[in-house]
Structure formats: C-alpha cells, structure tokens
Amino acid sequence: MRPTAKFSLSFGLVTIPVAAYNATDTAASVSFVRIHTADGGRVRNQPVCSLEGTEVSPEEIGRGYRTADDTIVPLTDDDLDALPLPTARTLTILAFVAGGDIDPLQIGKGYYLGADGPAAAKPYALLRDAMERHRRVGLGKIALHGRETLAMIRPVEDVLVMQVLLWPHQIRPMTGVLPEREVKVAADEVRAAETLMDSFGGLSEQDVHDHYREALEEIVAAKLAHREPEFEAGEEPPAGRVMDLMAALQDSVRAAKRARGEIDEAAETDGSGNGRPADRTATRTVARKTASGKTAAAGKTAQRKPAKATAAGTGTAKAGATAGKKTSAAAKGSGAQKAAGTARKATAAKRATGRGRKAG
C-alpha cells in the first residue's frame with residue numbers, strides 16, 4: 001500500500017514519525033456508472049470552466065474558498081502550508097479517554113498508522129502496548145487534505161489505527177426524531193427483549209458476507225450469457241404490522257433457537273415430542289381438542305352407566321302415571337255421585353211444592 005500522508009505522532013516529549021494508509025477500500029463496494037438509456041453510452045462528469053465553457057484538465061484545477069457573498073478566493077498549496085497550525089505536520093495527543101466515551105456518530109474514515117523509519121519502531125511499540133494495557137484511546141487534532149480534524153488513536157492487534165472524528169457541531173440535534181408522545185414499556189416486555197437479545201449469539205461468516213454484491217454479479221453474468229439469473233431460495237422476511245408485541249418477542253426467541261438447532265423441528269410440527277410447540281395457537285388448538293375429547297368421552301360413559309337406573313325410573317314413572325289415572329277416575333266418580341244425589345233432592349222438593357199448591 002502507498003501512504004496517503006506522513007506526519008509525526010506526538011506523545012508528550014516522544015515524537016513518532018508515522019505514515020498513514022487507507023484502512024478501507026471503497027472500490028470493493030457495489031457501484032454503478034451513469035449511462036445513456038437510449039444507446040448505453042457512458043455519461044461522464046467533465047470539469048468545465050463556468051466562464052469559458054471549456055473542459056479543464058486536472059493540472060489546471062486548484063482550490064478556492066467561497067465567502068458568504070459568493071466571492072471565490074483562490075488558495076494555493078503554499079498558502080495552506082503557511083497556516084500557523086501545529087497540527088499541519090504533527091498529531092499531538094491531547095487526552096487519553098475510554099473508548100466508550102466516543103460518540104459513534106463522530107467516527108469517520110480510518111487509517112492504519114505505520115512506523116515511518118527504523119528509529120520510530122520502538123516508540124511506536126511503546127505507545128501501542130501502553131494504550132493496550134491501559135485500555136485507553138488517544139484524542140488529538142491533525143490537518144489532513146487541507147482541513148483540520150479531530151482524530152482518535154487506538155491499538156488494533158499490533159497496529160495503531162487513526163479514526164477521523166467529526167466535530168461536535170457537525171452532529172445534528174435529535175429534535176423531531178423522538179416520538180411525539182411518551183411511550184411506556186412494561187417490565188416483562190423488557191425482559192422478553194433481553195431474552196431475545198441473548199438468543200442471537202455471535203456473528204457468523206454468512207452474517208458479514210456481502211450477499212447483495214454476489215446477487216448483483218449473478219445478474220450481470222446472466223445478462224452477458226443471455227440466461228435467467230439463478231438464486232438460492234431464501235426465507236421470506238416476516239411482513240405486516242406487529243400487533244402483539246409480547247407474542248412477537250416470544251416467537252422471535254423460538255425462531256432464533258430453532259435456527260441454531262436448539263429446538264427439535266419435528267417435535268414442533270406434531271406437538272408429540274419434548275420440544276416446544278411451533279406457536280401458542282397450535283398449543284391452544286391441541287388443548288381445546290383434548291379437552292373436547294375428554295368431555296365427549298365422559299358424556300358417553302355417563303350415558304352408559306345410568307342406563308339401568310333410567311329404565312327403573314321409567315317403570316316407576318309409568319306406575320305413577322297409572323295410579324294417577326285411577327285416582328283421577330275415582331275422583332270423577334265420586335263427584336258424579338254427589339251431583340246425582342243433589343239433583344234427586346231438588347226434584348223431590350219441586351214435586352212436594354206442586355202437591356201443596358194443588359191442595360190449597
């Protein structure tokens with residue numbers, strides 16, 4: 001690798017000449033070029049002078065500073081080198097802090113720092129080992145590419161790494177990002193979320209693999225070969241809005257364990273093994289079916305056992321009905337006899353009255 005910059009790393013009275021190398025490779029990421037859709041020709045960005053309207057070569061391009069009233073002031077490399085900045089050639093470590101004190105939002109591009117020359121090897125190793133044992137990172141300022149920036153120095157394995165940091169004023173405020181109303185989360189939901197976090201485990205090689213780039217390369221190869229792209233079938237991500245947060249957390253824990261082979265899928269499918277059911281709905285269905293089966297069986301048994309008692313009860317009821325009929329008939333006969341006697345007495349009275357009138 002070729003160094004992008006050379007400067008000195010100042011650690012108290014110890015000065016360490018270092019060379020900075022790009023730690024990241026943006027060329028390895030997926031990138032596209034702009035084309036003319038009509039004929040597939042490349043559409044290029046060409047530097048053109050706004051006054052002359054002609055293309056400008058890279059050798060003729062310099063720097064300019066635009067003021068508040070849009071005035072452009074040309075600046076040369078000599079002008080920038082003349083800046084009274086101690087950070088122009090030296091990164092002076094100003095403080096050592098814990099790595100957790102650095103806001104991740106501030107962390108920018110990374111550089112490997114290598115010892116520049118044999119004399120820099122020992123102080124380089126001294127600073128690296130001391131920071132490793134003390135578990136601290138160094139903070140300082142350095143001017144890179146014509147700009148002064150904050151920088152963090154930290155040991156990574158056997159190498160010192162410099163991370164460019166954004167200035168605090170470059171971090172936007174969070175106004176308007178938080179929910180408009182306060183959201184209350186129950187303690188059992190937090191515990192369920194923690195259980196889900198514990199079930200994730202560590203990252204695998206597949207997790208940090210660029211599958212998007214592979215798929216894109218397959219599409220390009222298929223187009224060149226005039227064939228359909230071939231992709232492995234993957235699981236569809238869950239869709240829809242989560243309505244039951246606790247159920248979603250519990251189901252997620254089971255899915256994570258199932259992916260690591262901690263749950264027997266066969267037991268989940270039929271519910272007959274020792275594994276947990278696939279979901280609570282299936283569990284409830286099995287429970288309802290079992291309860292219904294027990295109730296039906298108990299009903300059939302109850303119908304078989306009191307059969308004799310039912311027959312006896314039926315005979316008793318028939319006897320009671322017959323006795324009731326006899327009693328009713330007797331009651332009717334007695335009433336008829338009383339009515340007949342009353343009618344005879346009334347007839348006799350009328351006859352006696354008639355005789356009395358004739359005699360008079």
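**Close-up 1. H226, an exposed residue in a loop of this predicted model.** With a relative accessible area of 76%, H226 is exposed, because exposed here means over 50%. Where does H226 sit? You will find H226 in the loop between α4 (211-224) and α5 (245-259). The backbone at H226 also deserves a look: its phi is positive, about 55°, although H226 is not a glycine. Why is that worth a label? Most residues other than glycine have a negative phi.

**Close-up 2. E218 and R227 joined by a salt bridge.** In this pair, the closest N and O atoms are 2.8 Å apart. Is E218 buried or exposed? At 18% relative accessibility, E218 counts as buried, because the cut-off for buried is under 20%. Its partner R227 counts as partly exposed, at 34% relative accessibility. The structure holds seven salt bridges, and the pair of E218 and R227 is one of several pictured in these views.

**Close-up 3. D77 and R63, a salt bridge between a helix and a strand.** Here the closest N and O atoms of D77 and R63 are 2.5 Å apart. The pair links distant parts of the chain, with the two positions 14 residues apart in the numbering. Which elements hold the two partners? D77 belongs to helix α1 (residues 77-81), and R63 belongs to strand β3 (residues 63-66). Both ends of this bridge can be described in a similar way: D77 counts as partly exposed at 48% relative accessibility, and R63 counts as partly exposed at 43%.

**Close-up 4. Helix α2 and its buried face.** Helix α2 (residues 121-134) has 14 residues. From its first C-alpha to its last, α2 reaches 20 Å, close to the 20 Å expected at 1.5 Å a residue. Which residues of α2 are buried? They are P123, Y124, L127, R128 and M131. Seen down the axis of α2, these buried residues fall within an arc of 135°, so they line one face of the helix. Now turn your attention to the face of α2 that points away from the buried side: there you meet the exposed residues K122 and R133.

**Close-up 5. R128 and D129, a salt bridge between two residues of α2.** The side chains of D129 and R128 meet at 3.0 Å, N to O. How do the two partners compare with the cut-offs for burial? R128 counts as buried at 16% relative accessibility, because buried means under 20%. D129, at 38% relative accessibility, counts as partly exposed.

**Close-up 6. R135, just after helix α2.** R135 is found in the loop between α2 and β7 (137-144). What is the phi of R135? R135 has a positive phi of about 55°, although it is not a glycine. At 70% relative accessibility, R135 counts as exposed.

**Close-up 7. Helix α3 and its two sides.** Helix α3 (residues 187-200) has 14 residues and spans 21 Å from its first C-alpha to its last, close to the 20 Å expected at 1.5 Å a residue. The buried residues of α3 are A192, L196 and S199. Why do they belong to the same side of α3? They cover an arc of only 60° around the axis, which puts them on the same side of the helix. What covers these buried residues includes α5. On the other side of α3, R191, M197 and D198 are exposed. Just after α3 comes G201, a residue with a positive phi of about 75°.

**Close-up 8. S8 in strand β1 and its surroundings.** S8 lies in strand β1 (residues 5-11). At 18% relative accessibility, S8 counts as buried, because its value is under 20%. Which residues does S8 touch, not counting those up to four places away in sequence? S8 touches T15, I16, P17, R89, T90 and L91. An unreviewed UniProt entry places the feature "signal peptide" at residues 1-22. In this model, that span is 0% helix and 73% strand, and its end C-alpha atoms lie 8 Å apart.

**Close-up 9. The whole protein, for orientation.** How many helices and strands does the protein have? The secondary structure comes to eight helices and nine strands. Of the 360 residues, 16% count as buried. The accessible surface comes to about 28,500 Å², and 56% of that belongs to carbon and sulfur atoms.

Notes
Residues numbered from 1 in each chain as written. Predicted model: local features only at pLDDT ≥ 70, side-chain atom pairs only at ≥ 80, totals over all residues. Heavy atoms only, no water. Helix = DSSP H or I, 4+ residues; strand = E, 2+ residues; numbered from the N terminus. Buried < 20%, exposed > 50% of the residue type's maximum accessible area, 1.4 Å probe, protein only. Areas by Shrake-Rupley, 256 points an atom, 1.4 Å probe, with all protein chains shown as cover. Expected span 1.5 Å × (residues − 1). Arc of directions from axis to C-beta. UniProt positions renumbered as here; feature names shortened; annotations may be inferred. Contact = heavy atoms within 4.5 Å. Salt bridge = Lys/Arg side-chain N within 4 Å of Asp/Glu carboxyl O.
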